[in-house]
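Me: I'm new to reading protein structures, and I'd like a close look at one part of this one. Could you walk me through it slowly?

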Amino acid sequence: MKFLILNGPNLNLLGRREPGIYGEGTYRALCTRLEEFAAAHGSAAVCVQSNSEGGIIDAIHAARSVYDAIILNPGAYTHYSYAILDALKAADVPCIEVHISNVHQREEFRRHSVTAPACVGQICGLGSYGYEAAMGYFLAQGGIPQCV
Ligand code: CA2
């Protein structure tokens with residue numbers, strides 16, 4: 001399978017700030033780990049990060065017919081971007097939403113995701129392991145699950 005690992009605003013700061021919430025590993029180290037995980041499973045992972053809503057939407061549009069699955073951490077856009085929701089609905093590529101932190105243990109506004117309804121599922125609170133868990137799900141399916 002070919003995975004697009006798409007990370008939203010500020011996730012390029014991983015390992016450099018708030019290690020108590022997001023862990024100590026850097027964004028670069030995360031990408032290397034996910035690329036190696038995919039390769040070890042006969043697959044490929046490409047990591048893309050954007051701090052802008054348009055950058056994320058463009059990457060989702062470009063994923064069509066290129067990637068088998070998207071693993072998306074939309075960052076704070078999770079909580080209010082109807083534009084990303086619409087892009088996911090139009091993408092025709094199944095997506096799992098990942099959050100590094102347990103959003104349910106944090107501020108009230110983080111408990112709601114406007115983007116998750118366009119995803120196969122959502123993983124949160126497992127740290128950066130959530131990205132591997134999402135890839136593992138798609139690999140276990142051995143194909144493309146139904147997506148709205
Ligand atoms: O838990 C997650 O993965 C989040 O998507 C992270 C977002 C936050 O707005 C969501 O509610 C939950 C924030 C990403 C900020 O990433 C940073 C990483 C290191 C240092 C500072 C910010």
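Me: Which residue just after α4 takes a positive phi? Please start there and then show me the helix itself and what it packs against.

Reply: Happy to. One thing to keep in mind throughout is that this is a predicted model. The residue you're asking about is Asp92, which comes just after α4 and has a positive phi of about 65°. Why care about the sign? Most residues other than glycine have a negative phi.

Now step back into the helix. α4 covers residues 82–91, and its buried residues are Ile84, Leu85, Ala87, Leu88 and Ala91. Look down the axis of α4 and you'll find these buried residues within an arc of 165°, so they line one face of the helix. Here's a handy bit of background: an α-helix has 3.6 residues a turn, so residues three or four places apart point the same way.

What does that face of α4 pack against? Its buried residues pack against α3, β3 and β4, with β4 running over residues 95–99.

Let's take α3 next, since it's a helix too. Two packed helices are described by the angle between their axes and the distance between the axes. For α3 and α4, the angle is about 5° and the axes are 9 Å apart. That angle is under 35 degrees, which makes α3 roughly parallel to α4.

You can pick out the residues where they meet. On the α3 side they are Glu53, Ile56, Ile57, Ile60 and His61, while α4 brings Ala83, Ile84, Ala87, Leu88 and Ala91. Sorted by class, this contact has 8 nonpolar, 1 polar and 1 charged residues.

Try the burial check on α3 as well. This helix spans residues 53–63, and its buried residues are Ile56, Ile57, Ala59, Ile60 and Ala63. Viewed down the axis of α3, they fall within an arc of 160°, so they line one face of the helix. Those buried residues pack against α4, but also against the strands β1 (2–7), β2 (44–49) and β3 (69–73).

Zoom in on one of them, Ala63, which sits in helix α3. Its relative accessibility is 0%, so Ala63 counts as buried. Leaving out residues up to four places away in sequence, Ala63 touches Leu4, Ile70 and Val93. Now find Ala91, which is 28 residues from Ala63 along the chain. The C-alpha atoms of Ala63 and Ala91 are separated by 7.3 Å.

Carry on past the end of α3 and you meet another positive phi. Just after α3, Ser65 has a phi of about 70°, and Ser65 isn't a glycine either. Ser65 lies in the loop between α3 and β3. With a relative accessible area of 77%, Ser65 is exposed. So there's a positive phi just after α3, at Ser65, and one just after α4, at Asp92.

If you'd like one more to hunt for, try Glu18, in the loop between β1 and α1 (19–22). Its phi is near 45°, which is again positive in a residue other than glycine. Glu18 counts as partly exposed, at 47% relative accessibility.

Next, go to the stretch of chain leading into α4, where His79 is found in the loop between β3 and α4. At 16% relative accessibility, His79 counts as buried. Apart from its neighbours within four places in sequence, His79 is in contact with Phe109, Arg110, His112 and Val114.

For practice, here's another pair of helices to set beside α3 and α4. Helix α2 (residues 27–40) and helix α5 (residues 129–141) have axes that come within 10 Å and cross at roughly 20°. They are therefore roughly parallel to each other, and α2 passes α5 in a right-handed crossing. From α2, the contact uses Leu30, Arg33, Leu34, Phe37 and Ala38; from α5, it uses Tyr129, Tyr131, Glu132, Met135, Gly136 and Leu139. By class, that's 8 nonpolar, 1 polar and 2 charged residues.

Finish with Leu139 of helix α5. Leu139 is partly exposed, with a relative accessible area of 24%. Setting aside neighbours within four places in sequence, Leu139 is in contact with Met1, Phe3, Phe37, His41 and Ser43. And 97 residues away along the chain is Gly42, whose C-alpha atom is separated from that of Leu139 by 9.7 Å.

Terms used. Residues numbered from 1 in each chain as written. Predicted model: local features only at pLDDT ≥ 70, side-chain atom pairs only at ≥ 80, totals over all residues. Heavy atoms only, no water. Axes fitted to C-alpha atoms, helices over the stretch in contact; angles between N-to-C directions. Helix = DSSP H or I, 4+ residues; strand = E, 2+ residues; numbered from the N terminus. Parallel < 35°, antiparallel > 145°, perpendicular 65-115°, else oblique. Left-handed = near helix turned anticlockwise from the far one by under 90°. Contact = heavy atoms within 4.5 Å. Nonpolar A, V, L, I, M, F, W, Y, C, P; charged D, E, K, R; others polar. Buried < 20%, exposed > 50% of the residue type's maximum accessible area, 1.4 Å probe, protein only. Arc of directions from axis to C-beta.
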